[in-house]
Amino acid sequence: MSFDAEWAQHKAAALAGRQAPAMRLNQVAPEAGGGGPADSLLAGASSINGNANLLVEIAALLHEGRPDGDASTMARAPRAHAEVSAQALRFARFADDQFQDTVALFAALATRLKTTGTGFARVDDDTARAFLDRLLADGGYVRPESR
C-alpha cells in the first residue's frame with residue numbers, strides 16, 4: 001500500500017471518529033489495561049522536576065561545548081580569499097545565534113517544567129487534603145465486633 005493510500009485511509013478513519021487498528025506509535029501493541037490516553041499518561045512531581053533538571057543539565061553541557069569564537073580564524077584574510085573569509089564569518093555568526101537560541105530554549109523549557117511541577121504538587125496536595133477532610137467529616141468509626 002502506498003503512503004498516500006494509507007494516509008487517506010487514516011484520515012478517513014479520523015474524520016469518521018474512529019482510529020484505524022493499525023495506527024499505533026511504532027506499531028507497538030497497547031499494554032494490558034486498555035492502553036488509552038488515561039491509562040498511559042502518568043506524571044508525578046519527581047518525574048516533572050527530574051525532566052526539568054535534565055534540561056538544565058543539557059543546557060549546561062551545550063554551553064560548555066559552545067562553538068569557539070576563533071574557529072573561523074584560519075578562514076580569515078590574508079590566509080583565505082576575502083569572500084571566503086566573509087562567508088565563514090557569516091556562518092560562524094549564524095551558528096552562534098542558533099546555538100544561543102537552543103540553549104535559551106532548553107533553559108526556558110526547564111523553567112516552565114519547574115513551574116508545572118510546583119503547580120502539580122500543589123494540586124496533588126489539595127486533592128489529598130480534600131480527601132482527608134471528606135474522610136474526617138463523613139467517615140465514622142465502626143468497631144470490629146459491630147460489623
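**A tour of the four-helix chain**

Start with the whole chain: about 12100 Å² is exposed, with carbon and sulfur atoms supplying 60% of it (Shrake-Rupley method, 1.4 Å probe; for residues, only the protein chains shown count as cover). This is a predicted model: local features need pLDDT of at least 70, side-chain atom pairs count only at pLDDT 80 or more, and totals for chains, interfaces and linings use all residues. Residues are numbered from 1 along each chain as its sequence is written, and side-chain values use heavy atoms, leaving out hydrogens and water.

Colour by secondary structure. There are 4 helices and 0 strands (DSSP runs, H or I of at least four residues for helices, E of at least two for strands, numbered from the N terminus). Buried residues are 10% of the 147 in the chain (buried is under 20% relative accessible area, exposed over 50%, partly exposed in between; 1.4 Å probe, protein chains only).

Next, select helix H4, residues 82–138. Pick Asp126 and Arg129. They form a salt bridge, closest N and O atoms 3.8 Å apart (a Lys or Arg side-chain nitrogen within 4 Å of an Asp or Glu carboxyl oxygen). The two sit 3 residues apart in H4, so about one helical turn separates them. Asp126 is partly exposed, at 43%.

Stay on H4 for Phe131. With Leu132 and Leu135, Phe131 makes a nonpolar surface patch of about 300 Å² accessible area (residues over 30% relative accessible area without a salt bridge; nonpolar side chains, Val, Leu, Ile, Met, Phe, Trp or Tyr, joined within 5 Å, like charges within 9 Å). Phe131 is partly exposed, at 47%.

Finish at Arg143 and Glu145. Their side chains meet in a salt bridge, 2.8 Å from N to O. Arg143 is partly exposed at 47%; Glu145 is exposed at 57%.
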